[in-house]
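Reader: I've got this one open on my screen and I don't know where to start. Could you pick the inside of the protein and take me through it slowly, along with whatever sits beside it?

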Amino acid sequence: MSEQAKRAASEASEGTSSKRAASGVSGVRSATLERKTRETEIRLDFTIDGAGEYSVETGVPFFDHMLESFAKHGLFDLRLSAKGDLTVDLHHTVEDVGIALGQALRQALGDARGIRRYGSQVLPMAESKVEVAVDVSNRAYLLYRVNLTNDRVGNFDVSLVEDFLYALAQNAGLDLHVTLAYGTSPHHAVEAIFKGLARALRQALEIDPRQTGLPTVKGAL
Ligand SMILES: [Mn+2]
């Protein structure tokens, strides 16, 4: 775990200026969030029960491509505008989008009543294969077994994927396991991670019609 990733976790609990809109009123689970720091300014609308519609502008073209795929394959609606200090590095922007998306997911989810809770996806893309497993447990953990050398896709450093996923897992309360079984193209491998994440989360967040309460014997998630 990098120092930067640890910073994401501690910063996540500091409560930077984020405000939430009413969610779940119409039965559609969604959240609106604004988050502003000295490094980034983020506006985000996220709907779990969406149609895969998106509008994403982070200033990082490959990251936009990944987040658009995430929305499309998760059938989430995502409106996201992030203005970050890209002249310093891409790190702050990528990590803070992970924090904001995680917070929005958690808000939209409410008390998690009726969800399937677990989701998993094996996802091939060309020569790459990724496995993603998620437990929407409200106890954060990231297991990330992805052996890619320090490649770049466009101006996007692939090591940023772990920072993004760590911030997302911490703030959404996910136990998230991501494994790259094999693959050589960093573009394919990273895209398979985002699509696999989308499919696994879509499954885990879905309402199970047979689940009338919380999917746990503890009484709370
Ligand atoms: Mn692509």
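**Starting from the inside**

Author: Let's begin with A104: leaving out residues up to four places away in sequence, its contacts are A31, L33, L44 and F46. Keep in mind that you're looking at a predicted model. A104 belongs to the largest nonpolar core, which has 60 residues, and along with F46 and I193 it touches the most other members. Helix α5, residues 186-205, supplies the largest share of this core, with 11 residues. As a bit of background, nonpolar side chains tend to be buried together in soluble globular proteins.

So what does α5 lie against? It lies across β5, β6 and β10, and its direction is at about 150° to that of β5. Those strands are a good reason to look at their sheet, which is an open one of 4 strands in the order β5-β6-β10-β7, with mixed pairing. At the edges you'll find β5 (118-125) and β7 (141-145); each has a single partner strand, so one side of each has no neighbour in the sheet. From one strand to the next, the twist averages 10°.

Now for how the strands pair up. β6 and β10 run antiparallel, joined by 7 bridges, and one pair to look for is V134 with its bridge partner L176 in β10. β7 and β10, on the other hand, run parallel, with 5 bridges between them. Here you can find Y141 opposite D175 of β10, and Y144 opposite V178 of β10.

Another helix packs on this sheet: α4 (residues 160-172) touches β7 and β10, and its direction makes about 160° with that of β7. α4 has 13 residues and spans 18 Å from its first C-alpha to its last, close to the 18 Å expected at 1.5 Å a residue. How much of α4 is covered? Mostly: 12 of its 13 residues are buried. The buried residues include L160, V161, F164, L165 and L168, but also D163, Q170 and N171. If you're turning the helix on your screen, it helps to know that an α-helix has 3.6 residues a turn, so residues three or four places apart point the same way. After α4 comes G173, which has a positive phi, near 70°.

One more spot is worth a visit, and that's G84 in strand β4, residues 77-84. Is G84 buried or exposed? It counts as buried because it has 23 C-beta neighbours inside 10 Å, and the cut-off is 20 or more. Once you set aside its neighbours within four places in sequence, its contacts are E39, T40, G59, H92, T93 and D96. G84 and R38 are 46 residues apart along the chain, yet 8.9 Å separates their C-alpha atoms.

Now zoom out to the whole chain. It has 5 helices and 10 strands, and 43% of its 221 residues count as buried. If you take the contacts with a separation of 6 or more, 75% of them are between residues 24 or more positions apart.

Key
Residues are numbered from 1 along each chain as its sequence is written. This is a predicted model: local features need pLDDT of at least 70, side-chain atom pairs count only at pLDDT 80 or more; totals for chains, interfaces and linings use all residues. A nonpolar core is a set of buried Ala, Val, Leu, Ile, Met, Phe, Trp, Tyr and Cys residues joined through C-beta atoms within 7 Å. Helices (H or I, at least four residues) and strands (E, at least two) are DSSP runs, numbered from the N terminus. Two residues are in contact if their C-beta atoms, placed from the backbone, lie within 7 Å. Two strands pair if DSSP finds at least two bridges between them. Axes are lines fitted to C-alpha atoms, for helices over the stretch in contact, and angles run from 0 to 180 degrees between N-to-C directions. The expected span of a helix is 1.5 Å times one less than its number of residues.
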